[in-house]
Amino acid sequence: MRTAAMARNGLAGLIAVGAGLAAGEVTAAAVSSYASPFYAVGSFLVDRAPAPVREFAIDTFGTNDKPVLLWGIAVAVVVLSIVAGIAERRTVPIGSALIVAFGAFGVLAALHRPTSDFWYAAPSLIAAVVGILVLRGLRGFLWSGSMRGGRTRGPAGRRDPDTTEKPQSDADGAATTKTDRDLSRRQFGIAAGVIAAVSVAGAFIGRQVSTMGDVVADRKRVRLPRPSRPAAPIPAGTEVDIEGITPFMTNNADFYRIDTALQVPKLTTGEWQLRIHGMVDNELTLDWDDLMDMQAEERIITLTCVSNEVGGNLAGTARWIGYPMTKILERAGVQGDADMLFSTSVDGWTSGTPLADITDGRDSMLVIGMNGEPLPLEHGYPVRQVVPGLYGYVSACKWVVDWEITRFDKAEAYWTKRNWGVKGPIKTASRIDRPEGLSRHPVGDVVIAGTAWAQHRGISKVEVRVDKGPWNTATLAPEYNNDTWRQWFWTWPATAGQHTVYCRATDETGQVQPEERVAPIPDGATGWHNRVFRIE
Ligand SMILES: Nc1nc2c(c(=O)[nH]1)N[C@H]1C(S)=C(S)[C@@H](COP(=O)(O)O)O[C@H]1N2
Ligand SMILES: [Mo]
C-alpha cells in the first residue's frame, strides 16, 4: 500500500474512533458520566491494576498517576485506531472487528461500574456503531461496493447493488457519491473535517451537559450551618514564624488529594442519601435535610495518607464542619457483635473503619464543610468522613452514600482487598520542611524546621541529629490538639562540609519513631527523615 493511502486510512481510523468516542460521550451525558466508554475503561483498569503496576504508578507519578493513566489510554486508543483504519478491508473488516472489541470492553467496563444499570451499555454500543459507520464511510465502503459476507450497514436504499468490489485506489477527482471507487481526496477531506469537528463539539458539549453544571450550582447554593460547638481558637504560636515551613492550616487548594476516582463524582445535596443498614436495630436513611436538622460541630483535624514515604507530603490540616458519627450510629442502634463500619462512596470505593475507634470519644465526623466552604468536589462533596488518628484509606470515605454495620471477618474494603492493612492507625511521623534538601548555606546558624504528627496520641518531642552526632531536642510549637500536626524548629550552628540532618519524633505515649525503614505498604512507612546540606 502506498504511504499516502496508508496515512489516509490511518486518519480514517483515528477519526472513526474519535467520532465513536464522541458519540459515546454524548450518550453518556444522557445515561451517566460513569458510563462514558473512556472513563469506564479507565476506572476498570484502575480497580483491576495488579499491585506492582499500581505501586509503580504511585511511586513514579505520585498523585499525578490519574492523568498519566488517562493519557496512556488515549495514546493506546490513538495507536489502535490508526491500526484499525489501515487494517480495514471491504470484505475482511479487521478494523471494524477491532472497534467491536473496543466497544465490548467499554460495555463490560461500564456494566462493572458500581452504579451501573442496563443503560450503561448504551454509550459503548453507540460508540462502536458510530465508529464502524464512520470508518467504513471514510474508507469508501459504505455507500458503494458489495459487502459480500458482511452485514448491510446504512440505509439499504442508498446502497448501489451494481457496484462490485474493486481494489482501493486514491481516486482523485471522482466526485459522485455513488462510485465504485474510494472517496475522492476532496470528499474524504470534507467528510473527515466535518466529522472531526462535529465529534469534538459533541464530546465537549456532552461532557459539559453531564450534570457538572448542576453540582457546581448546587454547591454554590449550600449555606453551611453555624456549628453549635465551634473549633477552639488557634493559640498564638501554633504556627511558628519561619519562612519555608508548612503552614499550620492547609488551604483547600493546597490540600493533597488521593482517590481512585478518574472523574470526580457529581452528587448534589438533593441526590445525596446515606443508607445505614446491616447489624443495626433501626435501618435508616439520612438525606441532606436530616443533616441540616442536626447540631453541626467544627473541628480542626490533620488528615494523612498511608501512601506517604518517609518525609512525604500527603497530609493536611483543615477546619471541618460536620456531625458526630456516634450520634448517627446511636440512632441506628449498633448491635453488640458488630466491629466495622463499612462505608461505600457513590463511585463504589469502600473503607472499613473499626467501630471501636469511631466511638472511643474521638471527633469522628460526617463532614460537609472544609475550611469554611462546602466540601470541594474533589474532597468528597457533599458528604465525607473524617476520623482522627486513622489513615484516610480506612476512614475518610469521600462522596459517602452507604454505611453497612458489619464485622471485619465478613467484609473487606477496597485497599484491604489489595493487600493493605486491615486497620490503619496513623504512625508517628516527622518531616524536615526547611531548608530545601541539597541547599547551600554559609557557616553559622541554620534554622531547621518541620512538621510532626501522631494523630490522636499527640507529639511530645522532636529531636534533630547532624550526621552521627547526638540528638538535640527541637523547640515544639504549642499543640493545638492531639489530632493535629505540630510544628518544630531547631537552630543548628552549622560547620563547613556536607552534612546529613535527621529528625525523629516521640508521641505522647512515649514511643519514639523507629529508625528502621519500612515501605508504606501495608500499613504505613517508618524511618527517620533526613536532608543533606552543604555548608561553605
Ligand atoms: N470515595 C473515596 N474516598 C476516599 C478515597 C477514594 O479513593 N475514594 N481515598 C481515601 C484516601 S486513601 C485518602 S488518604 C483520603 C484523602 O482525602 P483527600 O483527597 O480529601 O485528601 O480519602 C480517602 N477517601
Ligand atoms: Mo490514602
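Student: At its relative accessibility of 2%, does Asp507 count as buried or exposed?
Tutor: This is a predicted model: local features need pLDDT of at least 70, side-chain atom pairs count only at pLDDT 80 or more, and totals for chains, interfaces and linings use all residues. Residues are numbered from 1 along each chain as its sequence is written, chains are lettered from A and ligands numbered from 1 in the order written, and side-chain values use heavy atoms, leaving out hydrogens and water. The cut-offs are under 20% relative accessible area for buried, over 50% for exposed, and partly exposed in between (1.4 Å probe, protein chains only). With 2%, Asp507 counts as buried.

Student: Which residue meets Asp507 in a salt bridge?
Tutor: Look for a Lys or Arg side-chain nitrogen within 4 Å of an Asp or Glu carboxyl oxygen. Here the N to O distance is 2.7 Å, and the partner of Asp507 is Arg457.

Student: How many residues apart in sequence are the parts that Asp507 and Arg457 tie together?
Tutor: Asp507 sits in strand β18 (a DSSP run of E, at least two residues; helices are H or I, at least four, all numbered from the N terminus). Arg457 is in the loop between β13 and β14, so the gap being bridged is 50 residues.

Student: Which residues do salt bridges that share partners join into one network?
Tutor: The whole structure has 21 salt bridges. Some share partners, and one network joins Arg229, Glu297, Arg299 and Asp363.

Student: How far apart, N to O, are the side chains of Glu88 and Arg136?
Tutor: Both residues are buried. Their side chains meet in a salt bridge, with N to O at 2.5 Å.
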